[in-house]
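Let's take a look at how this chain packs. Have the sequence and the model side by side.

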Amino acid sequence: HLDKRHREMLRSMPPLEWAALVLTILQSKVLVVDDSFETQAMLGCIAAQCGMPLGSVSSWMPQRSQRTLILTLKSIRMKSLLSVVQHGMSQHGHQVEEVVDALLLHLRRLAGHDVEPLVQLLFQL
């Protein structure tokens, strides 16, 4: 859970800095679960929609003042981190809801969860 100070810190960051910080953490969490081509392609799509060149996410170095924010982001659950990504990117004008939802469904399938009710809910008109 991000407290008010951390949410404000994320809001005040320039879009590329925000994307580099959050996507680096998301990438490290997701690739521990699955490093398949499909998963990497979804992460690449999210990064590209943020304007991040492919491969630049993992080479980003955070500022010293962001240390507690980074620790907090690393400690939250992956679903919560995906929500942070989706919300933050929409604030910066990037719409990645479909890719984030697809990534979440993909990871749930890998974990053996029944995703059919979720698929039906997501794709209802």
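What covers the buried residues of H4? The cover includes helix H1 (4–12), H2 and helix H5 (78–91). This is a predicted model, where local features need pLDDT of at least 70 and side-chain atom pairs count only at pLDDT 80 or more, while totals for chains, interfaces and linings use all residues. Residues are numbered from 1 along each chain as its sequence is written, and side-chain values use heavy atoms, leaving out hydrogens and water.

Helices here are DSSP runs (H or I, at least four residues), numbered from the N terminus. Here is how H4 splits, with buried meaning under 20% relative accessible area and exposed over 50% (1.4 Å probe, protein chains only):

| Side of H4 | Residues |
|---|---|
| Buried | Leu 69, Ile 70, Thr 72, Leu 73 |
| Turned away, exposed | Leu 71, Ser 75 |

The buried residues of H4 cover an arc of only 165° around the axis (taken from the directions from the axis to the C-beta atoms), so they sit on the same side of H4.

Leu 73 is also among the residues with the most contacts inside the largest nonpolar core, along with Leu 10, Leu 23 and Leu 26; this core has 35 residues. Such a core is a set of buried Ala, Val, Leu, Ile, Met, Phe, Trp, Tyr and Cys residues joined through side-chain atoms within 4.5 Å. Its largest share, 9 residues, comes from H2. Leaving aside residues up to four places away in sequence, Leu 26 touches Leu 43, Met 78, Leu 81, Leu 82 and Val 85 (contact means heavy atoms within 4.5 Å).

Back to H2 (residues 15–33), which also holds Val 32. That residue, Val 32, is exposed, with a relative accessible area of 70%.

Methods
Helices (H or I, at least four residues) and strands (E, at least two) are DSSP runs, numbered from the N terminus.
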